[in-house]
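Me: I have a model open and would like to talk it through with you, one question at a time. Shall we start once it is on screen?

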Amino acid sequence: MAKAIAITAGTYEQAGRRGAAADYDVGLMLTFQKGDELAFQELVERNHSRVIGLIYRFISDSTDAEDLAQEVFLRIYRARKTYKPTAKFSTWMFRITANVSLNALRSRANRRDDVSIDQVSDFGDGPRAMPDPDCAMPDVRLHQQELQGKVQDAIQALPEKQQIAVILNKYEGMSYADIARTIGCSTMAVKSLLARARDNLKDRLLLYIRTGRGRQRVG
Amino acid sequence: MPSPCQWVRSVLAAYLGGELKPSTARAVRRHLETCEACRAHARLLEESWRLLDESPPASIRSGFTSRMMARIVEEKELQAMEARLRPHRLRRQVVSSVLGLAAGLIVGFALYAWAGLTQEPNSPIECEVSRSVTFLQDVDLLDEMAVIEAMDRLMARSSSDSGA
């Protein structure tokens, strides 16, 4: 199957080139399109960590991130008949991922009115961790958790497109051109988005930069 | 025309991300060497960007692929069920459409009939009916007039009796 995938992938010059891996995923998708479900299984195996990781950056909940990642792959599965490799597979996959994540965020924002403020965790995942009494530096640990929460809040406070641009650039290492293809705008627009996003983040995290809290580490 | 500082700050994020053309990056670097304010601004941007590393990655449970493939099996079963139900749904849709159309016709006819009764008569039969209704209304009036005339005669007799 690997040889067939490589041959199929190699014939598609329109797929963006960023290493053989990107083309390989296009090849897998095309093989799946012809009816080979093992190819889809391999696509899931190769990409699920990135998808879950990306969604987590938006919503800060690992369990929900996995559920939403299933939704992403389900959309990919359903789209097999109409799929056309006009870009790298990851571009298309991340576009679906960003859409699913933002839809989830919007649903959460609508439900937030019904949720007591006590139920909303400042620190993202799970219940607030209590400081370990055996830890030599409990203050530092609390500061670390507070900082993680503030960083997450700062990202989630950004407008949607700025959020996507920051997450794709910072945590996926995507270039401006790749981000532009993912969100469907020009590279100039991404440049502007990231400039504004970074200014916004600087303003929101200024306190943590100036007091040096970011430099404290546990243990 | 933006000032040099304004221009540098507008491209600083791209400069720090290595996204500028070499000539543009050189121009930014030269400016930063001479401008303390822009250097401080760049430092803050870099620090805040670095703080984003504090956000921990997701913890991913093993076995995602097998859970995903199990979900695909459910999806296929759902699609197969929908394919089986589609002819029944189509039949139900046709029946609903026909009933809807029939109901619409009945209501339309009823409205038309009601509108016909409240309008001025046009056909000979309508005219005759209309004349009969008017006649009956006149009969009511005549009844009243008969009573009034009778009372007039009574009053006239009583006044002549009293005169006599």
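**Two helical chains**

Me: What share of the 164 residues in chain B is buried?
Reply: Happy to start there, and keep in mind that this is a predicted model. A residue needs 20 or more other C-beta atoms within 10 Å to be called buried. In chain B, with its 164 residues, the share of buried residues is 9%.

Me: And what is the buried share in chain A?
Reply: Chain A has 219 residues. Among its contacts with a separation of 6 or more, 60% involve residues 24 or more positions apart. The buried share of chain A is 39%.

Me: How many helices and strands does each chain have?
Reply: Along its sequence, chain A reads α-α-α-α-α-α-α-α-α. Chain B, from the N terminus on, runs α-α-α-α-α. The counts are 9 helices and 0 strands for chain A, and 5 helices and 0 strands for chain B.

Me: Which helix gives the most residues to the largest nonpolar core?
Reply: That core has 62 residues, and A:I55, A:A65, A:A69, A:A165, A:I179 and A:L194 touch the most other members. The helix that gives the most to this core spans residues 37-59 of chain A and supplies 11 residues. The name you want is α3 of chain A.

Me: Beyond its neighbours within four places in sequence, which residue of chain B is A:A65 in contact with?
Reply: A:A65 is one of the core residues that touch the most other members. Its contacts outside that sequence window include A:I52, A:I55, A:Y56 and A:I59. The partner from chain B is B:A58.

Me: Which helix supplies the largest share of the side of chain A that touches chain B?
Reply: Here 32 residues of chain A are in contact with 27 residues of chain B. On the chain A side, α3, α4 (62-78), α6 (138-156), α7 (160-171) and α9 each supply at least two residues. That side divides into 16 nonpolar, 10 polar and 6 charged residues. The largest share, 9 residues, comes from α9(A).

Me: Is A:Y208 buried or exposed?
Reply: A:Y208 sits in helix α9 (residues 187-210) of chain A. Its C-alpha atom is 9.5 Å from that of A:V151, although the two are 57 residues apart along the chain. Because A:Y208 has 21 C-beta neighbours inside 10 Å, and 20 is enough, it counts as buried.

Me: Why is helix α8 of chain A described as largely enclosed, and which helices do its buried residues pack against?
Reply: Helix α8 covers residues 176-183, and 7 of its 8 residues are buried, so the rest of the structure largely encloses it. The buried ones are A:Y176, A:D178, A:I179, A:A180, A:R181, A:T182 and A:I183. After the helix comes A:G184, with a positive phi near 75 degrees. The helices that the buried residues of α8(A) pack against are α5 (89-111), α7 and α9 of chain A.

Me: How are α1(B) and α3(B) oriented to each other?
Reply: Helix α1 (residues 4-16) and helix α3 (residues 36-51) of chain B pack with axes 10 Å apart, at an angle of about 30 degrees. Residues that meet there include B:V8 and B:L12 in α1(B), and B:A42 and B:L45 in α3(B). The crossing of α1(B) past α3(B) is right-handed. Angles under 35 degrees count as roughly parallel, so these two helices are roughly parallel.

Notes. Residues are numbered from 1 along each chain as its sequence is written. Chains are lettered from A and ligands numbered from 1 in the order in which they are written. This is a predicted model: local features need pLDDT of at least 70, side-chain atom pairs count only at pLDDT 80 or more; totals for chains, interfaces and linings use all residues. A nonpolar core is a set of buried Ala, Val, Leu, Ile, Met, Phe, Trp, Tyr and Cys residues joined through C-beta atoms within 7 Å. A residue is buried if 20 or more other C-beta atoms lie within 10 Å of its own, exposed if 12 or fewer, and partly exposed in between; C-beta atoms are placed from the backbone. Helices (H or I, at least four residues) and strands (E, at least two) are DSSP runs, numbered from the N terminus. Two residues are in contact if their C-beta atoms, placed from the backbone, lie within 7 Å. Ala, Val, Leu, Ile, Met, Phe, Trp, Tyr, Cys and Pro count as nonpolar, Asp, Glu, Lys and Arg as charged, and the others, Gly among them, as polar. Axes are lines fitted to C-alpha atoms, for helices over the stretch in contact, and angles run from 0 to 180 degrees between N-to-C directions. Angles under 35 degrees count as roughly parallel, over 145 as roughly antiparallel, 65 to 115 as roughly perpendicular and the rest as oblique. A crossing is left-handed if the near helix is turned anticlockwise from the far one by less than a right angle, and right-handed if clockwise.
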